[in-house]
Every structure is written in C-alpha cells, then in structure tokens.
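This report describes one protein chain and the ligands bound in its model. Please look over the sequence and the structure before reading on.

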Amino acid sequence: MYIITDTCVECGKCEPECPVDAISHGSKYTIDESCVDCGLCAAVCPVDAIYRSPSFK
Ligand code: SF4
Ligand code: SF4
C-alpha cells in the first residue's frame, strides 16, 4: 500500500484520483488499507509526499 508522509502540503489533489476512495482527510491526509497500489495518487502529488510503503503488502 501507499502512504502519505509529513511533507504533504494538504493540496487535496490526490484524494479525487483514488479509484477506491482509500484517501481520507481528517487532521491530515491518510491512505487506508483499501489501497490497491495503483499509484495514481503519487503521480499527481506536487511535493512527492506519497510513497509505496515497504512495510505493507
Ligand atoms: S495508490 Fe491508488 S488505490 Fe492507493 S491510495 Fe493511491 S490512488 Fe488510491
Ligand atoms: S497530493 Fe500530495 S500534497 Fe496534495 S494532499 Fe495529496 S499527499 Fe498531500
């Protein structure tokens, strides 16, 4: 799965890109376990705050 790191500037661009609505915005933007690893969110992030996490399948 992908994760959103602290470099996120909360621009909101990633959220509508996710085909499975895995991105939500509480106190900050986060990705939940429904992520299907499509990578679309990472592709639109202007500050490269989204990475594929090595610690999750
Ligand atoms: S990698 Fe794809 S499925 Fe996962 S959070 Fe990003 S847009 Fe959604
Ligand atoms: S696109 Fe990047 S900077 Fe914008 S809200 Fe998503 S993670 Fe944060």
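Apart from neighbours within four places in sequence, Ser53 is in contact with Met1, Tyr2 and Ile3. This serine lies in the segment after strand E4, which covers residues 50-52. Ser53 has a relative accessible area of 3% and is therefore buried, since the limit for a buried residue is under 20%. The model discussed here is predicted.

**The chain as a whole**

The secondary structure consists of one helix and four strands. Read along the sequence, these elements follow the pattern β-β-β-α-β. With 57 residues, the chain would have a radius of gyration near 10 Å if it formed a compact globule; its value is 10 Å, so the two agree. The C-alpha trace spans about 25 × 20 × 20 Å along its principal axes.

Of the 57 residues, 30% count as buried. The accessible surface of the chain is about 3700 Å², and carbon and sulfur atoms account for 53% of that surface. Among contacts with a separation of 6 or more, 54% are made by residues 24 or more positions apart.

**The two ligand surroundings**

The residues around ligand 1 include Tyr2, Pro19, Val20, Ile23 and Ile31. Cysteines also belong to this shell, namely Cys18, Cys35, Cys38 and Cys41. Val36, Asp37 and Gly39 complete the list for ligand 1. By class, the shell around ligand 1 has 10 nonpolar, one polar and one charged residues.

Around ligand 2 stand Cys8, Cys11, Cys14 and Cys45, together with Ile4, Val9, Glu10 and Gly12. The shell of ligand 2 also contains Tyr29, Pro46, Val47 and Ile50. Here too the classes come to 10 nonpolar, one polar and one charged residues.

**A salt bridge**

How many salt bridges does a search of the whole structure find? The search finds one. In this salt bridge the side chains of Arg52 and Asp37 meet, at 2.7 Å from N to O. The pair links distant parts of the chain, for Arg52 is in strand E4 and Asp37 is in the loop between strand E3 (29-31) and helix H1, 15 residues apart. Side chains of opposite charge can pair when their charged atoms come close. Asp37 is also one of the residues around ligand 1.

Are the two partners buried, exposed or partly exposed? Arg52 has a relative accessibility of 46% and therefore counts as partly exposed. Asp37, at 25%, likewise counts as partly exposed. Both classes follow because partly exposed covers the range between the buried limit, under 20%, and the exposed limit, over 50%.

**Two residues with positive phi**

Two aspartates have a positive phi although they are residues other than glycine. The table gives their values and places.

| Residue | Phi | Location |
|---|---|---|
| Asp21 | near 50° | loop between strand E1 (2-4) and strand E2 (23-25) |
| Asp48 | near 50° | loop between helix H1 (40-44) and strand E4 |

Is Asp21 buried or exposed? Asp21 is exposed, because its relative accessible area is 62%, and the limit for an exposed residue is over 50%. Ser53, by contrast, is buried at 3%.

Notes:
Residues numbered from 1 in each chain as written. Chains lettered and ligands numbered in written order. Predicted model: local features only at pLDDT ≥ 70, side-chain atom pairs only at ≥ 80, totals over all residues. Heavy atoms only, no water. Near = heavy atom within 4 Å. Nonpolar A, V, L, I, M, F, W, Y, C, P; charged D, E, K, R; others polar. Helix = DSSP H or I, 4+ residues; strand = E, 2+ residues; numbered from the N terminus. Rg over C-alpha atoms; globule rule 2.2 N^0.38 Å. Buried < 20%, exposed > 50% of the residue type's maximum accessible area, 1.4 Å probe, protein only. Contact = heavy atoms within 4.5 Å. Areas by Shrake-Rupley, 256 points an atom, 1.4 Å probe, with all protein chains shown as cover. Salt bridge = Lys/Arg side-chain N within 4 Å of Asp/Glu carboxyl O.
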